[in-house]
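Work through the exercises below with the sequence and the model open side by side. Try each task before reading its solution.

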Amino acid sequence: MSKSVDIAFVILHYNAIKETIQCVESIEKNIDTDNYAVIIVDNCSPNGTGKQLSEKYNGHEKCYVIESSENLGFAKGNNLGIDFARKKLQAQYVCCTNNDTIILDKKFFGKVTKEYRKTKFAVLAPRAITAQGDVQLYFGRILSLKAYEEELVKLTNLLKEGRFNVELGKKRALRVLFEKNPLGRKLVGFWRTLKNRAYSTKYDEMLHGCCLVFSPAFFEKLSGFYDKTFMYREEELLYLEVRNADMHTVYKPTICIKHLEDVATDSEYETNEKKNKFMFECKVDSLKVLIDYLKSKDV
C-alpha cells in the first residue's frame with residue numbers, strides 16, 4: 001500500500017454480514033483506482049459477525065476490520081473509521097457507505113475527483129437506486145427552531161404514553177405504500193420525473209446519509225460527523241456543520257450506487273418491542289441535540 005491512499009471506503013457493520021461482504025465485493029469489482037482501502041467498522045454486533053469479518057479479511061491487502069468494544073451508533077462508528085482512514089492510511093477522500101449499498105459505477109473515483117476539481121465540494125452524495133429499481137431521492141431542509149421544538153414535544157409525549165409503536169407503524173405503512181406498493185412507486189416516480197431532481201446535479205443541498213464522500217477540502221476544517229447523536233438527524237447536523245464552515249455539498253446523479261435500505265436496522269429492530277422503544281428514544285435524543293445545536297449557533 002502506498003503512503004497516501006486515494007480513497008478509503010468506511011463501511012459501518014452491524015449483524016448483516018452477507019450485505020457487508022457484498023458491499024466490499026462491489027468496491028473491489030468496480031473501483032477505478034488500485035490505490036484504495038476498505039475499512040469495516042463492526043459496531044459490536046451481538047451475533048459475532050464482527051469476529052467472522054476479522055477472520056475473513058485477516059491479511060487482506062486492502063481491507064481492514066475494526067471491532068468496536070461497544071455500539072457507538074452511526075456518527076461515532078463512522079468517525080472511528082474516518083479517523084483510521086485519515087491517520088493510518090492518509091486517505092485523501094473518505095467514502096462512508098452503509099453496508100447495504102452496492103457500488104455500481106466503474107468510474108466512481110474518476111467522477112468524484114473530476115467534480116472536486118470543478119467545485120471543491122466538501123461532501124458529495126451519489127444517486128441511489130433502491131432494490132426495486134427506483135431512485136431514492138432525499139433533499140431535506142432545515143426547519144425553524146420552533147418547528148423542531150414542537151416536534152420534540154409531540155415525540156416526548158408519545159414516548160411517555162408508550163405510543164412509540166404508533167409512530168413507527170405510520171412510518172412503515174408509508175414506506176410500504178410509496179416504496180413497496182407498485183402504485184405508490186409509480187406515483188413517486190411520476191412526481192420525481194416532473195420535478196426532474198433525481199437526475200440533475202444539485203449544490204448546497206442536505207444529502208442522504210447512505211453514501212457520502214468527504215473531500216480534502218472537508219478535512220481542512222472538519223474531521224467527520226457531528227458525534228453527539230447515536231442514531232437519526234446526522235444528515236441535518238452534517239449539513240449545518242458544512243454550511244457553518246462556509247463549505248459546499250453536491251448531489252451528483254451521474255455517480256450511481258444501489259441502496260438495499262435499512263438492512264442492519266431491520267435485522268435487529270423491526271420485530272422487537274424493546275428495540276423499537278430504543279429507536280424512538282434515539283429519535284427524541286437526537287432531536288434534542290439538533291435543537292441545542294441550532295440554539296448554540298444561533299441558526
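**Exercise 1: Thr-33**

Task: find which residues Thr-33 touches, leaving out residues up to four places away in sequence.

Solution. Thr-33 touches Asp-6, Ile-7 and Phe-109, where contact means heavy atoms within 4.5 Å. Next, place the residue. Thr-33 is found in the loop between helix H1 (17–30) and strand E2 (36–42). Helices (H or I, at least four residues) and strands (E, at least two) are DSSP runs, numbered from the N terminus. Then look at Asp-6 again. Its side chain makes a polar contact with the side chain of Thr-33, at 2.8 Å. A polar contact is a pair of N or O atoms within 3.5 Å; within protein, one must be able to donate a hydrogen and the other to accept it, and residues adjacent in sequence count only if both atoms are side-chain atoms. Last, check exposure. Thr-33 counts as buried because its relative accessibility is 10%. Buried means under 20% relative accessible area, exposed over 50%, partly exposed in between (1.4 Å probe, protein chains only).

A note on the source: this is a predicted model, so local features need pLDDT of at least 70 and side-chain atom pairs count only at pLDDT 80 or more, while totals for chains, interfaces and linings use all residues. Residues are numbered from 1 along each chain as its sequence is written, and side-chain values use heavy atoms, with hydrogens and water left out.

**Exercise 2: Ile-82 and the core**

Task: decide whether Ile-82 is buried or exposed, and list what it touches beyond four places in sequence.

Solution. Start with the location: Ile-82 is in helix H3. Ile-82 counts as buried because its relative accessibility is 1%. Its contacts are Val-10, Val-94, Cys-96, Phe-214, Phe-219, Ser-223, Gly-224 and Phe-225. Now follow Phe-225. Beyond four places in sequence, its contacts include Phe-74, Asn-78, Ile-82, Leu-212 and Leu-238.

Move on to the largest nonpolar core, which has 34 residues. Such a core is a set of buried Ala, Val, Leu, Ile, Met, Phe, Trp, Tyr and Cys residues joined through side-chain atoms within 4.5 Å. Val-123, Phe-214, Phe-218 and Phe-225 touch the most other members. Helix H3 (residues 73–87) gives the most to this core, with four residues. Apart from it lies another core of 31 residues, among them Ile-21, Ile-31, Val-38 and Val-250.

**Exercise 3: helix H9 and what follows**

Task: how many residues of H9 are buried?

Solution. Nine of the eleven residues of H9 are buried. Among them are Glu-234, Leu-238, Tyr-239 and Val-242. Next, step past the helix. Asp-246 lies in the loop between H9 and strand E10 (249–259). Asp-246 is exposed, with a relative accessible area of 62%. Check its backbone too: Asp-246 has a positive phi of about 60° although it is not a glycine. Most residues other than glycine have a negative phi.

**Exercise 4: Asn-15**

Task: where is Asn-15 placed?

Solution. Asn-15 sits in the loop between strand E1 (7–13) and H1. Asn-15 also has a positive phi, about 75°, and is not a glycine. For exposure, Asn-15 counts as buried, at 9% relative accessibility.
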